[in-house]
Amino acid sequence: MKPLLLALGNDLMGDDAVGLVAARAMRQEMPEGWEVQEAAGNGLDLLDALEGREKVLLVDAVCTGKVPPGTILEFGVPDFRHLAAASPHTVGLPEVMALARELSLPFPSAMRILAMEVEPVMAVREGLSAVVAEALPRFLERTRAICASMAAAP
Amino acid sequence: MQNHDANTEAASRKITIDPITRLEGHGKIDIFLDEKGDVKQAYYQIPELRGFEVFSLGRPAEDMPQITSRICGVCPTAHHMAATKALDDLYRVEPPPTARKLRELIYNTFMLEDHALHVYILGGPDFIVGPDAPKEMRNVVGVIGKVGVEVGRRVISTRRRLRELISYLGGKVVHPVFGLPGGVAKGIAPGDLPQFREVAAEGLEFARFTLQVFRDIVLKNPEYRELISSDAFTHPTYYMGLVDGDNKINFYDGAIRVVDPSGKEFARFPPRDYLEHVAEHVEPWSYVKFCYLKKIGWKGFQDGPASGIYSVAPLARLNASGGPATPIAQEAYQEYLSALGPGPVHHTLANHWARVIEMIAAAERMNELVHDPAITGTELRVLPTATPTVGVGVVEAPRGTLIHHYETDERGRITRANLIVATQNNAGRISMSVDKAAKGLIRGGQVSEGLLNRVEMAFRAYDPCNACATHFLPGQMPIALRIRDEQGRILRELSR
């Protein structure tokens, strides 16, 4: 299957949409053969998008509360090894990866995660905040660089 | 946050995700102790999504099924359908029989899929892995360990096939484009019907199999049965749910029925009249409005017939109705009643059992619909002509009664939007459940081990919607629990 740029987010939820905005901007300039998809982020949808892929770059908003909004963060698969106890309501990337592993489903061998720190979003609104919009060009730059390096890798 | 690693790299910074970083804004529990160190009151804070009404103002009502389905990545189909039905009501238009049946088909498919997700993955750690299992096993890996890899694969593949049906009719599952005022956008081509029949049959077999898994793992365990019926997880309250003309459960449509704690009908009314029956109470410590029965009134966090607190979701639906409308689910319901009945079942943890029964009910209804000759009909819409004013649409979301209420100007632009989501209906009872669990486990300032597990179980049985729509990467909405002294000072924090 084709390499994938997968954006997670909700564009009715302000800065939560930063991954979607980035992916839309990248559509025209992806390396040859790459696919771009958007997902709403409910965990098992991720399973559908990721199963059978080899190379995936996931772009999303993140809310760690440890760094200022607009900070660009990168994660690898090992960062998501730690399973939370059961969530009251949803399934996250760590659980999806654990499911794939336990069930021996074909899952990306090369997956990277690029995220931008945002403030918690608890109100419905469209559009990015000033600080996130200002950081967007750097986020795109990093997306480009990672895609290029993943495309070049065997 | 002990794993915080702030190594700075050229273009980005690396930090390690640990569960505590996933807590921002979600599921906070505050437990206030009295001077003796006993629990005075525990509060479960459900963060509420704000700004929805303002966001909707001035938008065309026809956009609401798309907008509302996008506020929640977990139950988009429920919002989509409640909004679509509110548009039917707004324009005073009845969809033709085929359109109605297609809506019901997609809706039951969604119920089956969503309930399966909860049974195996979200709630599974509590009742498949077990309440006293070690923390490191209380997750999806523990569930697979208990049910086996083959069952795990079956869950994933059945879910995927069910979602393919939803996608066939509605496009993307997360952003369905299906319901229109007075009908639907797409029908089933006769040539594609075999796929629907095949998946519906597979779904029913899967639901029955799930009941067997539940019997083998949960019901054969006497400790678990005891826990289900223990006082800590029991609240006699009122119950609400949609019912058909025979007072049987209907997820898609019907009258709203409320029964009292003894099971006697307290009210039965069309969705449009909901404001005559439901009111919202505000507490200073929470954004969430606590729904209660207007005719009884808000009497604080109390159960019993004198308190207006009521409950929705699977357990409540079985209590508020005369059971499922289909034979296999009815049989499963009888088995449930003979163990926990005869009257309304007040045990919160029985929600999990009720959910399995509802999986069967949804699958049977799917099978009825895919064998209904009208399902491949081509008359899909009645065009609305009435001038819009007010529309109310109600469905039973997996988590309980979901109400969409819109008011518009004469051009159909929203002037008022009110949503009552399942978790608001349940907020009072959830708070009582959390309070009761805390009271049983904290005495004289001593916190029993397992507090967090039991408190989590108390609210997870309701499958609460903590905040529709935030999809931050960690994808988790776990809980933070704070124990405070009588001055409100934090004595201890526990979190996942």
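A charge is taken to sit over a ring if NZ of Lys or CZ of Arg is within 6 Å of the ring centre and within 35 degrees of the ring normal. In the predicted model described here, K186(B) meets this criterion with respect to Y168(B), over whose face it lies at 4.0 Å from the ring centre. R59(B) is placed likewise over the face of F55(B), at 3.9 Å from the ring centre.

Aromatic pairs were examined next. Such a pair is described by the distance of the centres and the angle of the planes. Over all chains, the structure holds twelve aromatic pairs. For Y292(B) and W298(B), the ring centres are 5.8 Å apart and the planes stand at 65 degrees, so this pair is edge-to-face. Y292(B) has a relative accessibility of 15% and therefore counts as buried, the cut-off being under 20%. W298(B) also pairs with F301(B); here the centres are 5.2 Å apart and the planes are at 90 degrees, so the arrangement is again edge-to-face. Both W298(B) and F301(B) are buried. One aromatic cluster of chain B is formed by F127(B), F214(B), Y333(B), Y336(B) and W353(B).

In chain A, five strands make up an open sheet with the order β2-β1-β3-β5-β4 and mixed pairing. Strands β2 (35–39) and β4 of chain A occupy the edges; each has a single partner strand, so one side of each lacks a neighbour in the sheet. From one strand to the next, the twist averages 20 degrees.

Strands of a sheet pair through backbone hydrogen bonds, either parallel or antiparallel. Strand β3 (residues 55–62) of chain A runs parallel to β5(A), to which it is joined by eight bridges. Within this pairing, K55(A) has A110(A) of β5(A) as its bridge partner. The pairing of β4(A) with β5 (residues 110–117) of chain A is antiparallel and comprises five bridges, with L73(A) bridged to A115(A) of β5(A). Although β4(A) is an edge strand, four of the five residues of β4 (residues 72–76) are buried, so the strand is largely enclosed by the rest of the structure.

Two helices of chain A were found to lie across the sheet strands. Helix α1 (residues 18–26) of chain A lies across β1 (4–8), β2, β3 and β5, and runs at about 145 degrees to β1(A). Helix α4 (residues 130–152) of chain A lies across β1, β3, β4 and β5, and runs at about 170 degrees to β5(A). The edge strand β4(A) is thus among the strands crossed by α4(A).

Notes: Residues are numbered from 1 along each chain as its sequence is written. Chains are lettered from A and ligands numbered from 1 in the order in which they are written. This is a predicted model: local features need pLDDT of at least 70, side-chain atom pairs count only at pLDDT 80 or more; totals for chains, interfaces and linings use all residues. Side-chain values use heavy atoms; hydrogens and water are left out. Buried means under 20% relative accessible area, exposed over 50%, partly exposed in between (1.4 Å probe, protein chains only). Two strands pair if DSSP finds at least two bridges between them. Axes are lines fitted to C-alpha atoms, for helices over the stretch in contact, and angles run from 0 to 180 degrees between N-to-C directions. Contact means heavy atoms within 4.5 Å. Rings of Phe, Tyr and Trp (its six-membered ring) pair if their centres lie within 6.5 Å; planes under 30 degrees apart count as stacked, over 60 as edge-to-face and the rest as tilted.
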